[in-house]
Amino acid sequence: MSRHSCFALKLTIGLLALLPAAAFTVGSAAAQQQGGSVKNVEVTPATMEAEVGQQVTFKVVARDANGQDLNLKPMIWFASPFDLAAADRSGKISLFNPGEVTVGVVVGGKIGHARIIVKPAPVVKIDLAPVNPLTVLSTARLSAVARTAGGDPRSQVLINWASDNPSVAVVDAAGVVTAVAPGKANVKATVDSASATTPIVVVANTIRGIAVEPRISSARTGDVIHFKARVKNASGEVKEPSVRWSVSGEGALIEQDGGFVAERPGSYIVSASSGTQTAIATVVVSPRNAARELEVIGRAKTKDTQVSEEWIIGNYLYAATILDKVFTYDISDPANPKLTDTLKVDARIVNDVSTTADGKIGVITREGASSRKNGIVFLDLADPAHPKVLSEYTETVTGGVHSAFVNDHYVYLTDDATGSMRVIDFKDVKAPKEVARWQFENPNVREVDEPGGPATAGRYLHDVQVKDGLAYLAYWRDGLIILDVGSGIKGGRPDKPVFVSQLRLNYNELYGNGWLAGAHAVFRYKNYVFVGDEVFPGEFDISSRLRIPVRGIVHIVDVSDINHPRKVAEYEVPEGGSHNMWVIDDVLYMGYYSGGGRVLDVSGELRGDLYRQGREIGRLFTGTPDGFRPNLPFTWGAQPDGKGLVYFNDINSGIWIVKLGKNKEKGSTSEPGT
């Protein structure tokens, strides 16, 4: 049973939202007792530089209107974005990731600020790919990835290249090796104190001919063609020659394995070179023409309530909210969804909702409960129109649960307080119990006594999907992590998760300073895992009626070799930010926040930029005048019902029920949707 995840917020972030009202009332009273009120708060140094892994402190002075120092202690310290830094009660700031951190302190009801520029961690390792033997006068570009101690790739560093035998092979500043004469050489890549070496073998140029297959090809934009080069000398075909591929014209790429894909229609010339020999092939690329009509056939309006996750099973749809409610809709007539019940629980956000495969038991997650006992709640769905609370599990996850994935009689959930994954066995649903805990051990993680209580900072797990005995984890700044929970690969079980592999990305390089950014949603389909980033401003208020700017890429990761996942493609909507997704029958359905609802063709092999390739089937604008934020789409996710309909859930405007129609007329540029 497939699942997708939810909203990537540890807290409803907005700096003032982080501060309890008592910080102002108590602080003001304390100032009055000292004979004066606070006019301003000065934090020094106002700006500082530091490195990932450091802990830093500041001095703070509160002054009255006359500029006199007041003998007042800080009420509260905070730091944002939370995935870069955390502040404890004493004002010590722990730094986890590179970027720009805003530090704040409240004294007597006034806020003072400082800024930390957190420099990237140094490079300690370089991954350098091997090179096939080169013939004299051949060239090859070396592939090197510089990494920090935590494994993050750093592309924005200068790699210094050197050959220990320039008479055999020389290398330039771009890492391009040119074979000069037969023999052996070692090429060294260096960044800071890290280095790596790869051997270069150069053989005599005996090549007499080269041919490219296929010689002539046709394709649509987005289709991948695999070209092969057949290199021959006087004795016959040469095995494993080093071939340099190139393509003429803009709008297409060819990778060094001969894989070609075009983003634009047109004619392209593909070249393969080895030694002094070159051969070409031609490709004629036509438009993909993937667009289809999207017909809105129904809508469930939620007025002033912000909808979060949705779950469809049978004739019912369950919608969680950024409140304390879960709505139940009868969708047996999709054109007229009917609200049959509203379930209230103790929570500030019911972020996630799902059910068992048979639809008999529901699971919802809780954050911000007044009792401070969050966890998950099990629902009795014997009467699907009227869910009833059956039991709850809070014992080890009182700090809040953001996302939960139901698989058999297990719930794989994210623990806000520790950034760990917990596995809850609910075979006896009235007495659920934790059977496993797994967490990624990041060296920069700190246990911090935050204003809200003790917490683990520097580690955040956002989403989990389990399929065929493998758990796929969106581990925010730690990227995609894959665990064996019963596949047989590493001997893992639900009660004994075992690490399989990881793919890390550098979110600071991807999005720059000032953003909350990390791996947010995961969805396994065929040999790919779709990993969606969620990217918000470092400071914002989800309850505000104003527009919230968002960003985010969907990374397509090839897991054919499960031990070595690798990114092969991406999908990015320029006007929006990625959120939840669902993939079935070669079609991806997703909420792209301010980009509305999106439908994407993901058939065949995936490489390159899927947006530019024209793979979009349709888009749905979900902004409405009666929305929580009028006329602004903020589409959370999508779920197909298996009957030809897709349900898009929008935070601002509710549930949209859409039918995917026939292909649009060739060449049409009209906008799908309403």
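The following questions and answers walk through strands, aromatic rings and some backbone features of a predicted model.

Student: In which order do the four strands of the open sheet stand, and is the pairing parallel or antiparallel?
Tutor: Strands of a sheet can pair in either sense through backbone hydrogen bonds, so the sense has to be stated for each sheet. In this open sheet the four strands follow the order E32-E33-E34-E35, and their pairing is antiparallel.

Student: Which strands stand at the edges of that sheet?
Tutor: An edge strand here has a single partner strand, so one side of that strand is left without a neighbour in the sheet. From one strand to the next, the twist averages 20°. The strands at the edges are E32, which covers 307-313, and E35.

Student: Over how many bridges do E34 and E35 pair, and which residue in E35 stands opposite Tyr329?
Tutor: Strand E34 spans residues 325-330, and its antiparallel pairing with E35 runs over six bridges. The residue in E35 that stands opposite Tyr329 is Leu339.

Student: Where is Asn351 found, and is this residue buried or exposed?
Tutor: Asn351 belongs to the loop between strand E35, at 338-344, and strand E36, at 353-355. A residue counts as buried when its relative accessible area is under 20%. Because the value for Asn351 is 1%, this residue is buried.

Student: Which residue offers the backbone oxygen that the side chain of Asn351 reaches, and at what distance?
Tutor: A polar contact asks for N or O atoms within 3.5 Å. The side chain of Asn351 meets that cut-off at its partner's backbone oxygen, for the partner is His402 and the distance is 2.7 Å.

Student: How many aromatic pairs are there, and what are the distance and angle for Trp438 and Tyr475?
Tutor: A pair of aromatic rings is described by two values, the distance of the centres and the angle of the planes. The count of aromatic pairs comes to 18. Trp438 and Tyr475 form an edge-to-face pair, with 6.3 Å centre to centre and 65° between the planes.

Student: How many residues apart in sequence are the parts that Trp438 and Tyr475 tie together?
Tutor: Trp438 lies in strand E43, residues 433-438, whereas Tyr475 lies in the loop between strand E47 (470-474) and strand E48 (480-484). Trp438 is buried at a relative accessible area of 14%, and Tyr475 counts as buried at 0%. Because the two rings sit in these separate elements, their pair ties together parts that are 37 residues apart in sequence.

Student: What kind of aromatic pair do Tyr460 and Trp476 form, and are these residues buried or exposed?
Tutor: The ring centres of Tyr460 and Trp476 are 5.7 Å apart and the planes stand at 70°, which makes the pair edge-to-face. Tyr460 comes from the loop between strand E45 (453-457) and strand E46 (463-467), and Trp476 from the loop between E47 and E48, so that the pair links distant parts of the chain, 16 residues apart. Both Tyr460 and Trp476 are buried.

Student: What is phi of Trp476, and what is phi of Asp468?
Tutor: Trp476 counts as buried at 2% relative accessibility, whereas Asp468, in the loop between E46 and E47, counts as exposed at 68%. Neither residue is a glycine, yet phi is positive in each: about 50° for Trp476 and near 55° for Asp468.

Student: Which residue precedes Pro81 in a cis peptide bond, and which precedes Pro214?
Tutor: Pro81 is in the loop between strand E6 (76-80) and strand E7 (85-87), and Pro214 is in the loop between strand E21 (207-213) and strand E22 (216-220). The bond into Pro81 is cis with omega near 0°, and the residue before it is Ser80. The bond into Pro214 is cis with omega near -5°, and the residue before it is Glu213.

Student: Through how many residues does a hairpin join E60 to E61?
Tutor: E60, residues 645-650, pairs with E61 in the antiparallel sense over six bridges, and in E61 the bridge partner of Tyr647 is Ile657. Strand E31, residues 292-300, also pairs with E61, which covers residues 654-663, over seven antiparallel bridges. The hairpin from E60 to E61 passes through three residues.

Notes. Residues are numbered from 1 along each chain as its sequence is written. This is a predicted model: local features need pLDDT of at least 70, side-chain atom pairs count only at pLDDT 80 or more; totals for chains, interfaces and linings use all residues. Side-chain values use heavy atoms; hydrogens and water are left out. Helices (H or I, at least four residues) and strands (E, at least two) are DSSP runs, numbered from the N terminus. Buried means under 20% relative accessible area, exposed over 50%, partly exposed in between (1.4 Å probe, protein chains only). A polar contact is a pair of N or O atoms within 3.5 Å; within protein, one must be able to donate a hydrogen and the other to accept it, and residues adjacent in sequence count only if both atoms are side-chain atoms. Two strands pair if DSSP finds at least two bridges between them. Axes are lines fitted to C-alpha atoms, for helices over the stretch in contact, and angles run from 0 to 180 degrees between N-to-C directions. Rings of Phe, Tyr and Trp (its six-membered ring) pair if their centres lie within 6.5 Å; planes under 30 degrees apart count as stacked, over 60 as edge-to-face and the rest as tilted.
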